[in-house]
Every structure is written in C-alpha cells, then in structure tokens.
Amino acid sequence: MNKHLIKFVLNGEPREILVEPNELLMNVVRERESLTGTKYGCGIGECGACAVHVDGQPLLSCIVLAADVDGREVVTVEGIGSYGQLDPVQEAFLDEGGVQCGYCTPGMVVMSRALLNENPNPTELEVRHYMRGSLCRCTGYSGIVRAVLSAAEKESSGKAVPVAS
Ligand code: FES
Ligand code: FES
C-alpha cells in the first residue's frame, strides 16, 4: 500500500509525516509522536479514552484514519494544559474528585473542554448527555460531573480562563 504524506498541526506545531492508508490517528499520536496522554481503551469507539480535538471537535482517535487529519488541527490532552499551567477543567477534576485511577481522565478532559467550548453553561443533564460516551470504571461519574460544572462556573464568572480551545 502506498503511504500518504499528511500535513497537520499537532498541539500548535506543524507536522509532516508519511502514514499508511489504514493507519489510525491514535497510532500517530501515541506511537509516533509519543503523546501517551491519549489512552487506548476499547479500540472500537466505545469508551472515549482516546478522544482528541480535530478542528475543535472531539473525535475518537481509535476510529479516525490518520490520513483524514491532513490539513487539520489536532489537539491532544497535552495541548489542553500542562503541569505548570493546568486548564480549569483539569484543576476541577483534581478538586472535585473526578480522578481515581486516571485512565479515563485524558479522554474526560478532552470531552469536557469540548463541551465547555460549545456550551459554557451546561446543566447537569447536558453534561451527563455530552459525556455519555466516556466511560469510567472508578469514580461513579459524580465527581466528573461536579468537576465539569465547577469549571463552567469558574470560567463563566471570570475566575478561571481556558488554557487552549
Ligand atoms: S479506545 Fe477509542 S473509544 Fe475506546
Ligand atoms: S478514574 Fe479510573 S477509569 Fe476513570
């Protein structure tokens, strides 16, 4: 199979790489770019652990072909915040008990950030609906929902500012 040259932006940095026609975006992110914050969970689009933003929309990198991000902008959890500068949703996950083992957390953060970018003041029901494809085996979801609502409140009142969109 012929490889494709793709050009895209990854966490603000331009990239040009050759990809196999059947290569998944998750493979590019985790294996080739060593951005292991994006997690492999189910591999079939059912757990949300591998979520990334593509042109601002959350997509599941385990079911997106790398060739499909040619010309687009990809943001992984590493591009949302960092150790020195956490995004308000990351702060809120820590403050509200939204993290236990942490395996689902990158995908949850990616989805939460996408939700608040789309809808800065979601109701609890809207949070639960938007996040319904992101599975967590530890927290029981209450801490996660509290975290998203808390980040929304802080951002809306100007007490916190998103690090990246
Ligand atoms: S690993 Fe992609 S949705 Fe589960
Ligand atoms: S914190 Fe363990 S799977 Fe969510």
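Here is a short, friendly walk through two pockets and two buried residues of this structure, which is a predicted model.

1. **The largest pocket.** A good place to begin is the largest pocket, which holds about 450 Å³ of space. Its lining is made up of 18 residues, and those closest to the centre are Val77, Gly81, Tyr83, Leu86 and Gln90.

2. **What surrounds it.** Two helices are worth finding here: α2 (88–95) and α3 (105–118) each contribute at least two residues to the lining of the largest pocket. By class, that lining has nine nonpolar residues, eight polar ones and one charged. Where does the largest pocket lie with respect to domain 1 (4–79) and domain 2 (88–156)? The largest pocket lies between them, because both domains give residues to its lining.

3. **The second largest pocket.** Next comes a pocket with a volume of about 210 Å³, the second largest. It is lined by 17 residues, and Tyr103, Cys104, Leu135, Cys136 and Arg137 are the closest to its centre. The lining of this second largest pocket divides into 10 nonpolar residues, six polar and one charged. Domain 1 (4–79) and domain 2 (88–156) both supply lining residues here, so the second largest pocket lies between them.

4. **Ser61.** Now please turn to the loop that runs between β4 (57–60) and β5 (73–75), where you will find Ser61. Is Ser61 buried or exposed? Its relative accessibility is 0%, and buried means under 20%, so Ser61 counts as buried. The side chain of Ser61 comes to 2.7 Å from the backbone oxygen of Cys50. Cys50 is also one of the residues that Ser61 touches once those up to four places away in sequence are set aside; the others are Leu24, Leu25, Met26, Thr38 and Val52.

5. **Ala66.** The loop between β4 and β5 also holds Ala66. With a relative accessibility of 0%, Ala66 counts as buried because it falls under the 20% limit. Which residues does Ala66 contact, leaving aside its neighbours within four places in sequence? They are Ile6, Val19, Glu23, Leu24, Leu25 and Val28. For a sense of how the chain folds back, you can also look at Ala66 and Ile17: 49 residues separate them in sequence, while their C-alpha atoms are 9.8 Å apart in space.

6. **A link to look for.** Leu24 and Leu25 are good residues to select on screen, since they appear among the contacts of Ser61 and among those of Ala66.

Technical notes
Residues numbered from 1 in each chain as written. Chains lettered and ligands numbered in written order. Predicted model: local features only at pLDDT ≥ 70, side-chain atom pairs only at ≥ 80, totals over all residues. Heavy atoms only, no water. 1 Å grid on protein atoms, 1.4 Å probe; cavity = no way out; pocket = protein on both sides within 12 Å on 5 of 7 lines; lining within 4 Å. Points joined across faces, edges and corners; volume = space filled by probe spheres on them. Helix = DSSP H or I, 4+ residues; strand = E, 2+ residues; numbered from the N terminus. Nonpolar A, V, L, I, M, F, W, Y, C, P; charged D, E, K, R; others polar. Domains from an automatic or database assignment. Buried < 20%, exposed > 50% of the residue type's maximum accessible area, 1.4 Å probe, protein only. Polar contact = N/O pair within 3.5 Å; in protein donor to acceptor, adjacent residues only side chain to side chain. Contact = heavy atoms within 4.5 Å.
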